[in-house]
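Here is a short walk through one structure, with an eye on its helices and its charged side chains. Have the viewer open and follow along.

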Amino acid sequence: MNHFQLLRGLGFAAVGMVLLLAMWWVGGYAVQNNPATTAFADFAPGPALSRLQDMLSSGEAWEMTVPSLQRVLQGMVIAIAIGVPVGILIGRVQVLREITNIPFQFLRMISPLSWMPIAVMAFATWDGAIVFLIAVAAVWPILFSTAAGLRRVDPSWFKVARNLGARPWHMLFVIIFPAISQDILTGIRLALGVAWIVLVPAEYLGVTSGLGYSINDARDTLEYDRLAATVVIIGVIGFLLDFACQQAIAKLSWHRED
């Protein structure tokens, strides 16, 4: 049954990719044969995939990807370092949860890119501003997922632990983290998706490296095949990052199918 489900999943994935490529090809064909849009013909699969192959073989794809991954990693580390402890606090302390609910919900609904002018003024480097924007975007899913996970933990666990003489750090590492690890990873998965989306427009700032810069540069130089190839790279890396988080969540799941 497991092999059948695997083959079935791969089959559906293949069909989905074929449909996506077909839609891309039809769109590229329509653009190429429309006199008003023929200048954008290099968006089609043929030129884009050919340029992608050149970018992979020359190492250009790797050079533009590494700075972006470094910025996302730094932003995610900051978001996790803030989101997990604060999420545990508001999940555990009701008064704190009630005090912070409206302010946090208000801040969460502000677009991370709205902070761009403040980030540019507050940080000495463009990289620092970009990392800040990524952290601002990523912290909320982690924080709220952590808090929600902790609120679902059976309160009797804490009572038993206290009766057995558990210290606060015992509560943290023996009860809280094991109980909410899957919620934390789910929040990280959501945050990573948001961070990856915010990355590209954030890299339109003054940096001269990264995937966002490459898209902006390709647009300015009218290299639409390179632009489309860069979009493909962004999609593939984003998919792989999400898949890695999904697998980590599955391994920590307490509810496994037989």
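## Ground rules

A quick definition to start: a salt bridge here is a side-chain nitrogen of Lys or Arg within 4 Å of a carboxyl oxygen of Asp or Glu. Keep in mind too that this is a predicted model.

## The overall layout

The protein is a helix-only affair as far as regular elements go, with 10 helices and 0 strands. Reading from the N terminus, the order is α-α-α-α-α-α-α-α-α-α. The C-alpha trace spans about 75 × 60 × 30 Å along its principal axes.

There are 258 residues in the protein, and 37% of them count as buried. If you take the contacts with a sequence separation of 6 or more, 71% come from residues 24 or more positions apart.

## Where H2 meets H3

Helix H2 covers residues 45-58 and helix H3 covers residues 60-92; their axes come within 4 Å and cross at roughly 75 degrees. Because angles of 65 to 115 degrees count as roughly perpendicular, that is the label for H2 against H3.

On the H2 side, the contact is made by Met55, Leu56 and Ser58, while H3 brings in Glu60, Ala61 and Met64. Sorted by class, this contact has 4 nonpolar, 1 polar and 1 charged residues.

## Salt bridges around Arg226

Searching the whole structure turns up 10 salt bridges. One of them pairs the side chains of Glu60 and Arg226, at 3.8 Å from N to O. Glu60 sits in helix H3 and Arg226 in helix H10 (residues 224-251), so this pair ties together parts that are 166 residues apart in sequence. How exposed are the two partners? Glu60 has 25% relative accessibility and therefore counts as partly exposed, whereas Arg226 has 6% and counts as buried.

Arg226 also forms a salt bridge with Asp217, where the closest N and O atoms are 2.6 Å apart. Asp217 is partly exposed, with 24% relative accessibility. Zoom out a little and you get a network of salt bridges linking Arg51, Glu60, Asp217, Glu223, Asp225 and Arg226.

## Arg71 and Asp127

What is the N to O distance in the salt bridge between Arg71 and Asp127? The side chains of Arg71 and Asp127 meet at 2.7 Å. This one links distant parts of the chain as well: Arg71 is in helix H3 and Asp127 is in helix H6 (residues 126-151), 56 residues apart.

Are the two ends buried or exposed? Arg71 is buried, since its relative accessible area is 4% and buried means under 20%. Asp127, at 37% relative accessibility, counts as partly exposed.

## A look at Arg108

Next stop is Arg108, which belongs to helix H4 (residues 94-108). Arg108 has a relative accessible area of 38% and is partly exposed. Which residues does Arg108 touch, leaving out those up to four places away in sequence? Trp140 and Phe144 are the ones.

The side chain of Arg108 also joins that of Gln105 through a polar contact of 2.9 Å. If you want a distance to check in the viewer, try Arg108 to Arg151: C-alpha to C-alpha they are 20 Å apart in space, with their positions 43 residues apart in sequence.

Note on methods. Residues numbered from 1 in each chain as written. Predicted model: local features only at pLDDT ≥ 70, side-chain atom pairs only at ≥ 80, totals over all residues. Heavy atoms only, no water. Axes fitted to C-alpha atoms, helices over the stretch in contact; angles between N-to-C directions. Helix = DSSP H or I, 4+ residues; strand = E, 2+ residues; numbered from the N terminus. Parallel < 35°, antiparallel > 145°, perpendicular 65-115°, else oblique. Contact = heavy atoms within 4.5 Å. Nonpolar A, V, L, I, M, F, W, Y, C, P; charged D, E, K, R; others polar. Buried < 20%, exposed > 50% of the residue type's maximum accessible area, 1.4 Å probe, protein only. Polar contact = N/O pair within 3.5 Å; in protein donor to acceptor, adjacent residues only side chain to side chain.
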